[in-house]
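Q: Please take a close look at one strand of this model and the parts around it. What does the strand pair with, and which pockets and helices belong in the picture?

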Amino acid sequence: MKILIAGASGAIGRPLVRRLRANRHEVFALARSPDSAPALTEIGAEPVIADALDAAAVKAAVGRIQPDAVINELTSVRVEGNMNLLAALRDAGVRRYLLQSSGFWYAPGAGLAHESVPFISSASAGVEASARTYLELEARASATPGIEFVALRYGFFYGPGTWYTREGDMGDQVRQQQIPIIGEGQGVYSFVHIDDAAGATAAALECPPGAYNIVDANPSPQHVWLTAFARAVGAPAPPRVSEEEALRASGPDAVYYATRLRGASNEKAGRELEFRPRPLEWIRGQRSD
């Protein structure tokens with residue numbers, strides 16, 4: 001299969017290209033400029049010079065390659081890039097479109113969220129804005145005629161090249177005691193190892209269209225995963241603060257994450273994608289409730 005990736009230089013790009021090449025796909029990757037092309041060549045993708053924000057350039061690139069599928073892993077230019085890719089693939093007759101979405105913006109409720117649960121509609125301003133962005137990304141893709149659309153609702157990425165490593169930003173912040181457990185720390189986080197996310201993305205080239213939670217099987221409350229993560233990166237136990245203290249120091253978004261975030265179920269991905277993610281390595285063998 002001929003695959004075009006937008007955002008291949010991001011955290012998931014390297015393992016995704018490696019997985020696609022191992023599956024004998026022909027892999028192309030959008031490059032904003034010739035200067036970024038060597039890095040894409042190095043990971044095994046054929047660079048295609050086109051800025052995702054340039055609608056005409058994206059349309060020309062997609063028309064020239066005529067891919068069977070487009071995978072959108074853009075982050076910093078999600079909205080504009082999504083619009084330009086959708087317009088281009090519709091005109092080029094591309095069959096399948098995979099979109100990076102999010103598995104941690106589900107409305108609060110009991111139990112893990114399945115894909116039919118709506119996204120958050122009432123929360124702190126930043127959380128609402130993020131949830132609305134992903135809702136609009138998916139809605140625009142779903143409304144595009146003639147394509148098979150797959151929304152990949154990833155959990156928090158961890159593993160090489162992500163924030164959640166000993167050497168990453170989160171490791172540094174935890175060692176500096178900058179990330180506290182807020183209140184009871186009952187907000188439930190769904191993580192996914194970057195290599196497992198890449199494997200699920202490759203499998204999604206052949207699955208029934210729709211949304212899939214690409215998350216681990218043991219979502220963990222903040223007080224559990226953060227304590228275990230601190231231990232794993234050689235940090236002291238994280239400090240504890242009240243919700244009121246956190247509101248003053250960090251704002252309402254931080255409080256929402258730590259206290260109201262809802263974990264997601266990967267049952268559908270397990271069934272349709274044969275997704276079997278590894279246990280979250282920091283809390284293996286520990287309780288998550």
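**Around strand β2**

A: In β3, Glu46 is the bridge partner of Phe28. The model is a predicted one. A further bridge sets Ala29 opposite Pro47, again in β3. In total, 4 bridges join β2 (residues 26–31) to β3 (residues 46–49), and the two strands run parallel. The chain gets from β2 to β3 by way of helix α2 (residues 37–42), in a right-handed β-α-β crossover.

β2 also pairs with strand β1 (residues 2–6), parallel once more and over 4 bridges. One of the pairs there is Lys2 with Glu26 of β2. Helix α1 (residues 13–22) belongs to this part of the fold: β1, α1 and β2 form a β-α-β unit, and the unit is right-handed. So β2 has a place in two such units, since β1, α1 and β2 make one, and β2, α2 and β3 make the other.

How much of β2 is covered? Of its 6 residues, 5 are buried. In a regular strand, side chains alternate between the two faces of the sheet. Burial of 5 out of 6 residues in β2 is therefore not limited to every second position.

The loop before the strand looks unlike that. Arg24 sits there, between α1 and β2. Its phi is near 70°, a positive value in a residue that is not glycine. The relative accessible area of Arg24 is 76%. That is over the 50% cut-off, so Arg24 counts as exposed.

Gln177 offers another case. Phi of this residue is near 60°, again positive and again not in a glycine. Gln177 lies in the loop between α6 and β8. At a relative accessible area of 34%, Gln177 is partly exposed.

Next, the pocket that β2 helps to line. The second largest pocket has a volume of about 370 Å³. It is lined by 20 residues, and Gly7, Ser9, Leu30, Arg32 and Leu74 are closest to its centre. Leu30 falls within residues 26–31, the span of β2. Both β2 and α2 give at least two residues to this lining. By type, the lining holds 11 nonpolar, 6 polar and 3 charged residues.

Leu74 also leads to the cavity. There is 1 cavity of 30 Å³ or more, and the space in the largest cavity is about 30 Å³. Its lining is made up of Asn72, Leu74, Arg78, Leu99, Gln100 and Leu137. Those residues divide into 3 nonpolar, 2 polar and 1 charged. Leu74 thus lines the cavity and is among the residues closest to the centre of the second largest pocket.

The largest pocket holds about 950 Å³. Its lining has 37 residues, and Phe104, Phe156, Trp163, Tyr164 and Tyr257 lie nearest the centre. Two or more residues come from each of β5 (96–102), α5 (125–142), β7 (156–158), α6, α8 and α10. The biggest share belongs to α10, with 4 residues. The lining as a whole comprises 19 nonpolar, 15 polar and 3 charged residues. Neither β2 nor α2 is among the elements that supply two or more residues here, whereas both do so in the second largest pocket.

Of the helices on that list, α8 (residues 222–232) is worth a closer look. Its buried residues are Gln222, Val224, Trp225, Leu226, Ala228, Phe229 and Ala230. An α-helix has 3.6 residues a turn, so residues three or four places apart point the same way. In α8 the buried set includes Val224 with Ala228, and Trp225 with Phe229. These buried residues pack against α6 (169–175), β8 (181–182), β9 (188–189), β10 (191–193), β12 (220–221) and α10 (252–260). Two of those partners, α6 and α10, also join α8 in lining the largest pocket. Just past the helix, Gly234 has a positive phi of about 75°.

To return to the strand: β2 pairs in parallel with β1 and with β3. Most of β2 is buried, and the strand still contributes to the lining of the second largest pocket.

Note on methods:
Residues are numbered from 1 along each chain as its sequence is written. This is a predicted model: local features need pLDDT of at least 70, side-chain atom pairs count only at pLDDT 80 or more; totals for chains, interfaces and linings use all residues. Side-chain values use heavy atoms; hydrogens and water are left out. Two strands pair if DSSP finds at least two bridges between them. A crossover is right-handed if, with the strands pointing away from the viewer, the path from the first strand over the helix to the second runs clockwise. On a 1 Å grid over the protein atoms alone, a cavity is a set of points where a 1.4 Å probe fits but cannot get out, and a pocket is an open set with protein on both sides within 12 Å along at least five of seven lines; lining residues have an atom within 4 Å of a point. Grid points are joined across faces, edges and corners, and a volume is the space filled by probe spheres set on the points. Ala, Val, Leu, Ile, Met, Phe, Trp, Tyr, Cys and Pro count as nonpolar, Asp, Glu, Lys and Arg as charged, and the others, Gly among them, as polar. Buried means under 20% relative accessible area, exposed over 50%, partly exposed in between (1.4 Å probe, protein chains only). Contact means heavy atoms within 4.5 Å.
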